[in-house]
Amino acid sequence: MTPVVEFDGVSKWYGNVIGLNKLTLRIPAGVTGLLGPNGAGKSTLLQLATGQLRPSQGTVRVLGQSVWSNPGLNRHVGLCPEQDAFYEWMTGWDFVQTCARLSGMSRGEATAATEKALHLVGMIENMHRAIRGYSKGMRQRTKLAQALVHEPQVLFLDEPFTGTDPVARRDLMDVIRNLGDAGRSALVSSHVLHELQALTPNIVLLHRGRLVAEGRVQQIRELIDTHPHRIVIVCDNYRVLAATLVAHADVEAIHFLTRDSAILVETRQPDAFYARLPRLALENGTAIREVYSEDDNLEAVFKYLVSE
Amino acid sequence: MNQAIHTQPVRPSELRLAPGRCFAALGELFWLTLRQHTHGRRLLVLVLLFALACGLAILLRSLSRPAPAEILEFTLVFGLIPHALAPLTALLYAAGMIQDEVEGQTLTYLLLRPLPKWTVYLTKWLATILICGCLIGLFTLALYLAIYWDTRELWREIMPGRALKTGAALALAQLGYCSLFGSLGLLIRHSLIAGVAYIVLLEGVIANIEFVGRALTVVYYFRVLILRWLDLPDLLQRQWLRAWQLDPAKMPDALTCVETVAIASLALTIFSALWFSRSEFAVKTPESSS
């Protein structure tokens, strides 16, 4: 099967700053998540895949075609960019219809396509208002509509959920899932794992311009699980609690965070640990004020994966 | 579900946009650019500047001892407009036609369309020339009206003859200025500063000095065209020749002026369009990476 997006030894440098570093990647059809912390190279990858940037080294192909200097490919590709930029004086309808007309549609086709795209993203009610008055969620929906209006085979969505409220987020996720079900391919970037997990099991992980891992979420989670999870517990008599915890085999290490009246526990079985913790606290009479996992921070996950 | 998804590579024939659709898309881009140009504060500023010039002309002609129309014409129509207002109009519009899209981060929406990049540049350039040409043409006619409104020659000689010819020469000057400042906006980040410096130094100072370098200025060709095209009385022609330090024997003919400005403008624009088509426009660069 021909991959939808192919990166073959691609590097991109901005002066002496590396955006992508010798990236070789084949993204199959369907919805794929592109995960990475800020500065990982996600936007660079998407800009290369949409022909906005020229690779410093290597080749980028989408739908089997070289991307750079190939505007015809844009008939089959749509991009929802990260930047919150519009022609603010336009209405949502006007903006999306202009994008449709710029894609080569006749006036009649553009009108029908605009209505369809705005309906799909749930913007019909507000489509005749000026964009400058839109909420963040409406702006994201409108950006998605312009990416969809010419019915591309492949969609590139750069942080489409950034700044959206939960309702808009859920709606946008539904739209993307439905597009996947309808046979479109989409590459969705985010720095939030659970957002992508809710969309697709296929994930590509980038960190500092390098491919860290790719595959199904479960495989990546297993990879992460080979490293101990770090859990911080804030409580008054933390030394007593530590003495109790250390007796359990799944606890690999305990560090005292004296200044914060807390302990940092390393365990390979977080589920069992969390299940046991309330009972142990009750038995010891320990009042736990806060429990959080350092692993919620994606940066920590990447540090695990790149062995930092 | 993914197994059912179409993954066939796109055939080259599926990449081409039919010529009719391509022209329709470029027409939309042309229309979009016109709308952009009429939506900013720039238009308001320029209207205000031209209104001030017209107001000044009306005021000076309304005094108990009105200023002579020829002196006002020379100062405002052949001084203020070609030296300041025309290049400023072109600078504000042409330097911003791509730079504004880059700074506003809206260029992405144009580059993600199935249109060759060079056609995007050319279309925006054409729309910019149309706007600048129309603005300058209208304001020139308005200024002539303001200067000659109380004379009998207004509708017999001035408007159908001198004003139209001056408008045509200024339109040609706008072609030169738009091409120049369009390139400047593409190549230089602080194009407004560079543009103002160019207007002052080259079009303002060097164009008035009699040496070969003045042939590189737009104002030089504009002045020669005015002297060649307008049927000025001998006395007036001699005064203007002296003021502009021009020698009729060394001046090129009108056709050469038109050809020179048109060819130089087209060459510059073709270069800029090719430069634009080879350029990358990164929306953001990584803040830190190793």
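This report walks through a predicted model with chains A and B, starting with the helices of chain B.

## Chain B at a glance

Let's begin with the overall make-up. Chain B has 11 helices and zero strands, so to speak a run of α after α when you read along the sequence. Its C-alpha trace spans about 90 × 45 × 40 Å along the principal axes.

Of the 290 residues in chain B, 39% count as buried. Take the contacts in chain B between residues at least 6 apart in sequence: 81% of them join residues at least 24 apart.

## Helix α7(B) and its partners

Helix α7 of chain B covers residues 154-187, and helix α3 of chain B covers residues 69-94. Their axes come within 8 Å and cross at roughly 40°, which makes α3(B) oblique to α7(B). The crossing of α3(B) past α7(B) is right-handed. On the α3(B) side, the residues that meet α7(B) include Val77(B), Ile81(B), Pro82(B) and Leu91(B). Among those they meet in α7(B) are Thr166(B), Leu170(B), Tyr177(B) and Phe181(B). Sort the residues of this contact by class and you get 13 nonpolar, four polar and no charged.

Helix α6 of chain B, residues 117-148, also packs with α7(B): the two axes come within 8 Å and cross at roughly 150°. Here too the crossing is right-handed. From α6(B), the contact uses residues including Trp125(B), Ile129(B), Ile136(B) and Tyr144(B). From α7(B), it draws on Leu154(B), Ile158(B), Met159(B) and Leu175(B), among others. The class count for this contact of α6(B) with α7(B) is 15 nonpolar, eight polar and no charged residues.

A few residues of α7(B) turn up in both contacts. Thr166(B), Leu170(B), Gln174(B), Cys178(B) and Gly182(B) meet α3(B), and these residues are also listed in the contact with α6(B).

## A short helix, α4(B)

Helix α4 of chain B takes in residues 96-103. Which of its residues are buried? They are Gly96(B), Met97(B), Ile98(B), Gln99(B) and Glu101(B). After α4(B) comes Gln105(B), which has a positive phi, near 60°.

## The sheet in chain A

Over in chain A, there is an open sheet of six strands with mixed pairing, in the order β6-β7-β8-β3-β9-β10. The edges belong to β6 (77-80) and β10 (210-216) of chain A, each with a single partner strand, so one side of each has no neighbour in the sheet. Ignoring direction, neighbouring strands are turned by 15° against each other on average.

Zoom in on one edge: β9(A), residues 202-207, runs antiparallel to β10(A), and six bridges join them. Ile203(A) sits opposite Gly215(A) of β10(A). Helix α1(A) packs on the sheet, touching β3, β6, β7, β8 and β9 of chain A, and its direction makes about 150° with that of β7(A). Helix α5(A) lies across β3, β7 and β8 of chain A and runs at about 150° to β8(A).

## Where the chains meet

How many residues does each chain bring to the contact? Chain A gives 51 and chain B gives 44. On the chain A side, the elements giving two or more residues are β2 (17-27), α1 (42-49), α2 (92-102) and α5 (166-181). The largest share, four residues, comes from α2(A).

By class, this side of chain A has 19 nonpolar, 27 polar and five charged residues. Two of the elements here are familiar from the sheet: α1(A) packs on it, and α5(A) lies across three of its strands, β3, β7 and β8.

Definitions and conventions. Residues numbered from 1 in each chain as written. Chains lettered and ligands numbered in written order. Predicted model: local features only at pLDDT ≥ 70, side-chain atom pairs only at ≥ 80, totals over all residues. Axes fitted to C-alpha atoms, helices over the stretch in contact; angles between N-to-C directions. Parallel < 35°, antiparallel > 145°, perpendicular 65-115°, else oblique. Left-handed = near helix turned anticlockwise from the far one by under 90°. Contact = placed C-beta atoms within 7 Å. Nonpolar A, V, L, I, M, F, W, Y, C, P; charged D, E, K, R; others polar. Buried ≥ 20, exposed ≤ 12 C-beta atoms within 10 Å, placed from the backbone. Pairing = 2+ DSSP bridges.
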